[in-house]
Amino acid sequence: MTSIAIVGAGPQMGLAIARTFGSQGFDVALISRNREKLDDLVAKLAAEGITAAAFPANVLDRAGLTQALKDASARFGGIDVLEYSPVGQFGITTLTSPSGTEPADVEFEMDFQLYGAIAATQAVLPAMREAGAGTLLYTTGAGSIWPDPRVANVNAAAAALRNWVMNLHKELADAGTGIQAAHVGIDVAIGDSDSVVPGIPVAPPEQISPIYWELHTTKRDQDELVFKIGDGVPRG
């Protein structure tokens, strides 16, 4: 049996990715802070015939995140795919312009995006190396590639994560590990157009999630795919 662990699982992108992989026979480990919301997602997936389980953890709690991934691995006999995409919340996450950014504005985002991703990776990578197979996928907004001055501090951390992922991809590929690391850049707002920043195109999560499956299956040599309206476009 194969499994995917989704860190930052929520009712939009996380659920769509879970359905994409679950429909292909994957067991799904859902990881985020809120147990009640996770249980709701598990119930929705179960109603569709997808085996899923909740593992509450906060990405800012390194030990808790590591334990959640270990518990998921024990439950499903290993983790074949890791997808990392926790999302900050507008109103809680402070958004800053480039000139208005203080070091503290970036520190939190680095902790949330880059450091959390590194911790999650370290929790699953040794077993993947031993198995000689695995897929590591990391999601950011496309501001990591094409900066948006309205969210400069978020973009800075996302760009750092993107750079680290591409370096990881090269290291794993050059060593012939059989493990892929790839970045997914999403150049749209996801879901309800009433809840997004004005001027950003909108796409439903179900339109985006197939590119994760493409990376895991037919595009394993890619270190990045960027989703734009209507398509997933490889970098370069």
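A residue counts as buried when its relative accessible area is under 20%, and in this predicted model Val151, with a relative accessible area of 17%, is therefore buried. Val151 belongs to the loop that runs between S5 and H5, and, once residues up to four places away in sequence are set aside, Val151 touches Leu95 and Thr96. A further relation across the chain links Val151 with Pro98, since these residues are 53 apart in sequence while their C-alpha atoms are 8.0 Å apart in space.

The loop between S5 and H5 also holds Pro147, and here the accessibility is of another kind, for Pro147 has a relative accessible area of 65% and is exposed. Between the C-alpha atoms of Pro147 and Pro205, which stand 58 residues apart along the chain, the separation is 22 Å.

From this loop the chain can be followed into helix H5, which covers residues 152-174. The 23 residues of H5 reach 33 Å from the first C-alpha to the last, close to the 33 Å expected at 1.5 Å a residue. Many positions along H5 can be named as buried, among them Ala158, Leu161, Arg162, Val165, Met166, Leu168, His169 and Leu172. An α-helix has 3.6 residues a turn, so residues three or four places apart point the same way. The buried residues of H5 pack against helix H4 (103-131) and against three strands, namely S5 (134-141), S6 (179-186) and S9 (224-228). Just after H5, Gly176 adopts a positive phi of about 65°.

Helix H4, one of the elements against which the buried residues of H5 pack, also meets helix H3, which spans residues 62-76. The axes of H3 and H4 cross at roughly 40° and come within 9 Å, and H3 and H4 are therefore oblique to each other. Their crossing is right-handed. On the H3 side the contact is made by Arg62, Leu65, Thr66 and Leu69, and these meet a set of H4 residues that consists of Asp111, Tyr115, Gly116, Ala119, Ala120, Ala123 and Val124. Sorted by class, the contact of H3 with H4 has seven nonpolar, two polar and two charged residues.

Towards the N terminus, helix H1 provides two further packing arrangements to examine. With helix H2 (residues 35-47), H1 packs at an angle of about 30°, and the axes of the pair are 11 Å apart. Angles under 35 degrees count as roughly parallel, and H1 and H2 are therefore roughly parallel to each other. H1 passes H2 in a right-handed crossing, and in this contact Leu15, Ala18 and Arg19 of H1 meet Leu41, Lys44 and Leu45 of H2. The residues of the contact of H1 with H2 divide into four nonpolar, no polar and two charged.

The other arrangement joins H1 (residues 13-22) to helix H7 (residues 210-217), where the packing angle is about 50° and the axes lie 8 Å apart. That angle makes H1 oblique to H7, and the crossing of H1 and H7 is again right-handed. Met13, Ile17, Thr20 and Phe21 are the H1 residues that meet Pro210, Tyr212, Trp213 and His216 in H7. By class, this contact of H1 with H7 has six nonpolar, two polar and no charged residues.

Thr20, a residue of helix H1, allows the contact with H7 to be viewed from a single position. Thr20 has a relative accessible area of 16% and is buried. With its neighbours within four places in sequence left aside, Thr20 is in contact with Ser209, Pro210 and Trp213, and of these partners Pro210 and Trp213 appear among the H7 residues that meet H1.

A last position to inspect is Ile200, found in the loop between strand S7 (189-190) and strand S8 (202-203). Ile200 is partly exposed, with a relative accessible area of 29%. Not counting residues up to four places away in sequence, Ile200 touches Arg150, Val188 and Ala189, while Ile200 and Ile190, 10 residues apart in sequence, lie 9.7 Å apart in space from C-alpha to C-alpha.

Definitions and conventions:
Residues numbered from 1 in each chain as written. Predicted model: local features only at pLDDT ≥ 70, side-chain atom pairs only at ≥ 80, totals over all residues. Heavy atoms only, no water. Axes fitted to C-alpha atoms, helices over the stretch in contact; angles between N-to-C directions. Helix = DSSP H or I, 4+ residues; strand = E, 2+ residues; numbered from the N terminus. Parallel < 35°, antiparallel > 145°, perpendicular 65-115°, else oblique. Left-handed = near helix turned anticlockwise from the far one by under 90°. Contact = heavy atoms within 4.5 Å. Nonpolar A, V, L, I, M, F, W, Y, C, P; charged D, E, K, R; others polar. Expected span 1.5 Å × (residues − 1). Buried < 20%, exposed > 50% of the residue type's maximum accessible area, 1.4 Å probe, protein only.
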